[in-house]
Structure formats: C-alpha cells, structure tokens
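Subject: Structure handover

Hi,

Here is the structure for your files. Please load it first, then read the notes below.

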Amino acid sequence: MADLTTLTAAETASAIAAREVSAVEVTQAHLDRIAAVDGDVHAFLHVDAEGALEAAARVDAGEISGPLAGVPLALKDVLAQRGVPTTCGSKILEGWRPPYDATVVTRLREAGVVILGKTNMDEFAMGSSTENSAYGPSHNPWDLSRIPGGSSGGSAAAVAAYEAPLAIGTDTGGSIRQPAAVCGLVGVKPTYGGVSRYGLVAFSSSLDQAGPLARTVLDAALLHAAIAGHDPMDSTSIDAPVPDVVGACASRDLTGVTVGVVRELGGEGYEAGVEAAFHASVEVLTALGADVVEVSCPHFPYALPAYYLIAPSECSSNLARFDAMRFGLRVQVGDAGAEEVMATTREQGFGPEVKRRIILGTYALSSGYYDAYYGQAQKVRTLITRDFDAAFETVDVLVSPTTPGVAFPIGEKADDPMAMYLSDIASIPSNLAGNASMSLPCGLAGGLPVGLQIIAPPLADDRLYRVGAALEAALDERRGATLLASAPSLTARP
Amino acid sequence: MPEPITRDEVAHLARLARLECTDAELDTFAGQLEVILGSVARVAEVVADDIPPTSHSVPLTNVFREDVVRPSLDRDEVLAAAPAAEDGRFEVPRMLDEAP
Amino acid sequence: MTAELVDYAEAVTAWEPVIGLETHVELGTRTKMFCGCPTAFGAEPNTQTCPVCLGLPGALPVLNGQAVRSTVLIGLALHCDIAAWCRFARKNYFYPDMPKNFQISQYDEPICTDGYLDVDVEGEIVRVEIERVHMEEDTGKSLHVGGATGRIHGATHSLVDYNRAGIPLVEIVTRPVEAGPNAPAVAKAYVEQLAELLRTLDVSDVRLEQGSLRCDVNTSLRRPGDAYGTRTETKNVNSYRSVERAVRFEVSRQAGLLEQGTRIRQETRHFHEDTGTTSPGRSKEEATDYRYFPEPDLVPIAFPVDVVEELRASLPETPAVRRARLRDAYGWSDLELEEMTNAGVLDLVVSTVELGAAAPAARALWQNEVAKAANEQGVEASSLPVSPTDVARLLALVADGTLTAALSRQALAGVLAGEGDVDAVVAARGLAVVSDDGALRTAVYDVIAAQPDTAAKVRGGNMGAVGPLIGAVMKATGGKADAAKVRSLLVEVLT
Ligand SMILES: [Mg+2]
Ligand SMILES: [Zn+2]
C-alpha cells in the first residue's frame, strides 16, 4: 500500500471498510507523519495519540462503520473535547480540560472519525495568520517562512502537510476559507445554523460557524455531512434536512448553472497573480457550460467595517467569562480581591489582539455609542443580505477570489492590524449574511496557492459542492495533477 | 467621525472590561482604536433610518426547550478544573463590593 | 450626609412619597431558564450545574418554554400587553456569582408591558401600574468566609454555589406610585397581593424566606406639585412587613436630609431587619454601563397569539375577584376574609360551605378551632388531619341536634388526634346527644325529686330557677343532652 498519509479521506475510508488496511495503521501513519514534520509546521497544540489509537481500534473492532470510519482528523483547538486540553490558542485556558464534548465532536465520534489532536489557531480565533497564537505561529507547508492563514491556520497546515486528511476549522470572518486558500485546500463555511455551535468557544456568536478543511471537494463534503444537522443544544441551529452535499460532488458539467462574478470583490487591492488565477478559473467555469455574468453587490465595501464592529462587540461579551473564577488561569497577587484578580489574570492571559478587540467592542457597545456603532453595523448587515438576495434572484452562485493576496511572510503584517484585517475582505460578507461559502484551490501565483470562493444562498450548501467538484475535476485534468501535488516543500517529504 | 480617543477613555474601557493595561498599552490601543474607528465610521455613510437591523442571520423564532431535567455534571470533575475549591464550592477571592 | 430622622407623620405633611417596586420572582419550573439542570431548593452545592449554567466556554443557552408560558400568564393576570415579538439581551457586568459575566435578561423589548394590579389597601382600591414584566436568569449564591458576620466586608474569600445560577426569574416593575401618606401600607399590600396572585397562578412557590420572591423598593420624596425627587433603591427587602418598614424609614430619612438642604444621593441601600433602618450600598451616580445588546445565542420570541389566548382563557379567578364574589355570596366581611386568608383556611372554609355547611358556622369552626390548633402546633391548617368533609359533617350533626357545641369540640379533638372520621370518633367516644325521650324524662324526674325547693320556685313562676335544674340534668347525662330540650321538658313537667 502507498503512503497512507497521501490518500484522500474517501480512499482511506473505503480501504479501511474493505479491510485492506486497519484504522490503527492509518492512525499510526499519521501520528508518525506528525512526529516527523510538525516540528517545522507546528500545526498541533496537542496530539492525543492514545485517544486516537483507541478510537481507531474501535473502528477495527467493527463497533463503528460509515463513510468516514477510521479516517484521522485534526480538530481546531476552539472546540471542546472532553478531557483533552482545549486552549483556543490562549494562555488563559492553558491546561483546561473541558468536562463535555462539543456537538461537532460527538458527531465525529459517532462517525468513527479518529481525532488526532487539537490544532493551533489565532487566540480565540482572532486573526488571519496564527501569529496571534499564544503558543507561536504555524507555518505554511508550501513555504515554511509564510503564514498558513488563520485563524484555522493549524488545521489548514495539518491537512496541507499530510498530517491529517481532514480538519475542522471555524469561520467567523473567513477563518476556514482564507487558510484553505493560502494552503491550497478546500474549505467550507456552511450556512450559519447548519453546524451546531454547541461546544465551539464563541468569538462572535452571530457569525461563527464550524466547517470542513480537506484536500478534495468530496472529502470536504463527507466531513460536512458528518457534522451538519439540527442540534437542540444550539438555539440557532436550523431544523431542516442537510442538503445532499456528497451527492452534489458527482457533478462534472455546469450547463444551466448561472455564476455571478462579484464586481466589488476584485480589482484594487487584489494582487495581479490572484486576479489572473481567478479569471482563468472563471473561463473554465464557462467551458464547463456555466452561464457567467457580472453582478454588483454595492454594499460589500461596508462589510469589513461592519464586521469590525459586530465581531469585537460580541467578543467583548463572550470573553467576559474568562475571569479566573471557575476554570482556567488565575493570577492571584497578594490578597487582591476578585475584581483585581480578574483584571490581572485577563491582562496576563490575553494577547494584544484579543485585548484590542475587547476594548473596541466595549467601546462600540457603550451607552452613547451603541446606536452609532453596533446598531449601524447591524443595519449594514441588512443591506449586505439584501445585496445577496438580489444577486441570487438572477444567479445560482457567486464567485470571487477568496483572498486579495497569497500567503504573506510571517511577521509582515503583525504590527499593522488594519492591513491584517484586509485579508478577510472577500470572505466577510458571507458571515454577515449567514450564507454558505467555499474556497477551493484554483491556481498558483508566484508559486503559492490561490483560492476561488463560491458563495451559495443559505441552505443551498450543495451548490458549493456541485460547482466546486466540477471545477476541481476540470482544473486537475488540465493540470494533470492536484494543485497540492505541486507544493515544493511537500514533494520533498520523507 | 468620532472625536479622538484619549488614553483616559481607553483606561475607562479597560476597567469596564476588567483588563489591567500599562500606560504604554493604553497609548498603543488609543492610537489603533482611532484608526479602526476612523475606518468603521464609514458604515454611517450608507445606513438610512428605515433600514431594520439584523441581529440574527437565521430567520428563526420561538426555539423552546421542554421543561425536562437533564443530567447535571459531576461536581468533582467540575471543581477539579477550578482554580480553587472548598466544601463543594468554587473558592473565589474576596469581593470588595456587592454586585452593581 | 446624615441628618435627624423626621417623624413619619410629620414628614408626610410636607413631603409626598413616591414609591416604585421591582419584584424578582423565581418561577417554579422543573428546570433552569436555559439548561436542563433541576431547580430543587436546598440541594448540595454545585450538584445542579452543567456547562451552560456554569458559563463554561462553548456552552449555549436554550430557552425553557414553560418559563415563557409562566411569564405570559403572569403578564395576562396583570392585564399587560403581550409582545408580538421580543428578544433577550445581554446585560454585561463582572461579578463572581454570575458565571458568564453577563446576565441574559430583557432590556428594551420586555415580553409583557403596560398592566396594572388593583391593590386593596384597608378597603380602598389603589391601582398600581405595571411598567413591564420580563424574563431573566438568577445568579449563584456566595458564602463570605472569614468576616465577622458572614458579610462581604472583612471576608478573606468567598465560596460560590451555582445551583441557583440560571433559575428562571421574572422581574415585575411598577411605574412610580404616588401613594401619598399611605405609601408604606400600599407597598406592603402590593407585594402581598402580588404574591397571592402568583400563588393562585401556580407559577411560583413564592417563599420570601427562601428568596423565591425578592423585592427592591424605590422611594423618593417631592413637594406636592413638584417633579419626582431623586430616588433610592432599597435592595432585597425580604418580608412583607420589611417592605412597609423600609418605605417608612426612607421617608423619614430622606425628609431629614431634604429639610436640612442636603441632596438625596441616587444609590442602592440595604435594609436591616433588626433595626428597621437602611444603610448605603453602591452609589448609582457613576452609572454602571451594562452595554446591553441583543443576545445572539437566542432567537427572537414571537409568542403565538393562539397560545396567548389559550393562556388567557385558562387564567384562574384573581384573588381580588374571588374575594368580592365570596363577600357577595357568603356575607363575609373584608376583615373576616383577610383573617381567613392569613390563617390559611379560606380555601378550606369555602370547600366546607360548598359541602352544605352554613357560611358563618364554617368560618367560625375553621378560624376559631382548627386554625388555633394549627397555630399551637406551628403547622399549616391544611396539613392537619381534618378535611372540609369532616367539618361539614360536624356542623351537620350539630344542626340536626345529634351533637351539642361542646360535643362537637370533643369530636373535632378526636379527628385531630387521628382517631378517624367524625362518625367514627362520635361512635368510639360515645358522644351522641341523649335523644331518647324516656331516658331524658327519667333524668328530669330524678333532678326534680333531688331538688324539691328549686322545683317549687319554678312551679311558683320563678323561671330563673330553671337554670340550675338544667345544669343538673346536663351533669347527670354527661353533657350529652340537648340543653334546649331539657329546658322544655322541665318547663312541661313543672308548669
Ligand atoms: Mg433584573
Ligand atoms: Zn445547567
């Protein structure tokens, strides 16, 4: 059998189901790979070898079967996993072991997915590079001197470095799609409410959504199907059947599909190489039979500023619970009272980006400013949703580059919050409107991956996969290989 | 366009948010907040009074739970993860004032 | 900042008290507001907690539908409008007893608004307007250790129990009540009658001593015709009588300050049961900025109109309406109704009357005999082993002459002692009146023979002398004779 770590999730699952290989062997191969490369990549904050091998043994014992049984996965460290350290990339949670499982984790266990460990991330999912992790940045397997994107950078790096065929990320403003784009992966932000948020440590409750990262569209669909669906523990979970995302991956032809290119997501601020790869892929969509039109979403330029009011406002409240009283870090100096202990612990436990956003959000929610900031931002949200509604009256999906640029060198934007925030300019509108959105690799610019974003209306997640699978197949065929196969530092893998 | 943000104002916000900050941090944040707020002030350009705000992007209402008891957590497991515990309770530093 | 207290009666000649009441009521649901943890009172600390009510990272709230129904029911009973659409909001402030450091509450979109409660204050109806009724969650409970009196000040540390955190609370807020000199009584009557209403609705056990009803009392003074003055908010006043005393004290205290020209500080104050005084708490002048915003983890409530109407139709008769009905039907006075209510026997008396007993007799027996016994034993009348059926039967036996008043007391004592129902006790103790004419006649002749002088007086027309003879016959029959019958027999024989 070939190197088990190069198989797709679908291939791995069928090999295990056919007993050509055991789940334990597959798991061990990935643990070995992690041991070999994670010193350079730093995708993981915690590797749970024991738990992973146990889960794999249960699959081998026939206790669990299904389309992903025995397939290893890297879990973003923002999801609670019972008894396993969960840090959210923050010092304030160092050593905390949750007494419960997130619903996503429960579903993964039920599907027989083998959770290898917890992946690095920007602290509390605030960032686009993993440089805001309290535990040091992850590195992009395409070029270890560059960022793997963020905040789900550890998850993306793990999949791109063949440390796991699948990973779970979370996406508040682009935190699945942007890392997928800069690491040459498929990443999906499902419709808001499509995947339970129970056990996902909240950054911005009205925007957060967990979703799959994978090397192929089909693998992403298999993982999407495993974790999606109604959860009574999450009041914002949609009680409706999950669209047939796996079935949609059979598509190879886009005749009858209308694709809208968003005028506002491109041009100024977008790197030339990114634009070139994107437009070349749009040509491929046309060749596949799609009807490609340009559409305008006039309020999209206001999405980023609205996001930088809504997300910090909600986070300032969500992160109030990290107060040294019931769990996590406590910094007790002398006989300081509770109020002071809270302030000292939060000062020492949170990094600068988290503090900056807490203060920004506290400001935006203050009496006297609420209407001018949070209130206005929520109105922008309405306008953006209306832009989408109008567009989807004439098109089936929208497309754009996922990010304005390719992976940038570590440290380049670390001191300039505004420059960093621009990484998410194309992905944020979908979070504000709550619709479904995918990034898939569409080419290279300067030897680094470029992502193409597909956006579908809420609850029409299957359209992402229909368009994505067809495009992926056509691009692979033209290239004669997957995009990831051309990653320089990966071809030199042991 | 809002007025410039002063260090005192940031200090007040930091107090509200229970974040102890050094003077240097306060100055950095004051400058950065001003830049960010300068950019976000653009949201006011497009919003008219008659536009309703969107607080939730899913059009759901009336999500209720049945009044049925579910198992609580094991107290020992919960308290084991606490910074300090005593007599089955969470031990916390002394409170200097009653709740606001 | 201190001044002489002004005598209450004097204070209200110069100043008009304006009061406002904020009442927090713990609902009697089986589970908490946003999670499935039980709400039982008195459980071991922190045994009724989960990720949601401990505010652990990642946990999410899901609303208890029964809590919403109960709140709507309260709103309807208070004649409120029920919002067609409303949301929860987060009230952000840090405090160790509040797990998430925000309370899920309602802010500018309460579920019930604009109602009233007509309060009977010593026979006069005062309409207390209700501004809002909203839902929120309770906090945990802290035990302060190391201080002198378990108080917060001087403690070395505190121990927190989160069993109470997340229990559903309903907050009922009145508009300012221009109650006049009677303000303390109005405040007390309002809380009492609100509690009675909540009990009738069966939405809360309303136990002040367990904290399931907690009252904050706002008081301000103004010169007649002036705008409202600055108010103080006296927190957690935990008995009906304390509500009255707290208002009375604040009126005296504020009048003292105002008369020496001192401004009233807007602040929270604590009431002290032992002294009947209040002392300052946290100042409200640096108003806490709660940074309210819509709770993104809960979706809006658009409470279905048909369910509102169903609840409206199911509303039980309110205590006030019921009192009026009973007054008209049974002729009880307001005072008697209040006494029966206070003695906890009103329902029992009504049931007894519905079983055919006369209203005055039923009231008297429950109020004077049963309630007294309950009081002596320190228990509720309803928990004694005597039922309306027993009392109705006793009264029927008295009415048909089978028992005398004295014998009925003995029969009741037997029932209370657990000797069985009325008939069983009467039979076992041999309590029935001697109704056998022959036996009674024999006793009468015996007494006449034994007391010839007295008998002669009666024969001579001195009817006053019949009394001692009756007493002698009663004694001879062991009290089981009907005194009226004995008298008529004596008269018949001697005249
Ligand atoms: Mg309240
Ligand atoms: Zn709970």
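Start with a definition: donors are N, O and S atoms within 2.8 Å of the metal (3.2 Å for Na, K and Ca), and since water is not among the atoms, sites may look incomplete. The model is predicted: local features need pLDDT of at least 70, side-chain atom pairs count only at pLDDT 80 or more, and totals for chains, interfaces and linings use all residues. Residues are numbered from 1 along each chain as its sequence is written, chains are lettered from A and ligands numbered from 1 in the order in which they are written, and side-chain values use heavy atoms, with hydrogens and water left out.

Confidence

The complex gets an ipTM of 0.97 and a pTM of 0.89 from the predictor. Chain C has an average pLDDT (the predictor's confidence in each residue, from 0 to 100) of 91. In chain C, 99% of the residues score at least 70.

Magnesium site

The magnesium ion (ligand 1) has protein donors from E136(C) (OE, listed twice) and E171(C) (OE). They lie 2.0 to 2.6 Å from the ion. E136(C) sits in strand β7 (residues 124-137) of chain C and E171(C) in strand β10 (residues 168-174) of chain C, so the pair ties together parts 35 residues apart in sequence. Strands (E, at least two residues) are DSSP runs, numbered from the N terminus. Both E136(C) and E171(C) are buried, meaning under 20% relative accessible area (1.4 Å probe, protein chains only).

Cysteines

How many disulfides does the structure hold over all chains? It holds 0, where a disulfide is a pair of cysteine sulfur atoms within 2.5 Å. For C88(A), the closest cysteine sulfur is in C315(A), 12 Å away, too far for a bond. C80(C) is in no disulfide either; the nearest cysteine sulfur, that of C112(C), is 5.4 Å away. C88(A) is buried at 0% relative accessibility. C80(C) is buried too, with a relative accessible area of 6%.

Strand β4 of chain A

All 5 of the 5 residues of strand β4 (residues 166-170) of chain A are buried, so β4(A) is largely enclosed by the rest of the structure. L166(A), I168(A) and T170(A) point one way, A167(A) and G169(A) the other.

β4(A) pairs with two strands (pairing needs at least two DSSP bridges). With strand β2 (residues 72-76) of chain A, the sense is parallel, over 3 bridges. With strand β6 (residues 210-214) of chain A, the sense is antiparallel, over 5 bridges. A167(A) is the bridge partner of A74(A) and stands opposite L213(A) in β6(A).

Best regards

Conventions:
Helices (H or I, at least four residues) and strands (E, at least two) are DSSP runs, numbered from the N terminus. Buried means under 20% relative accessible area, exposed over 50%, partly exposed in between (1.4 Å probe, protein chains only).
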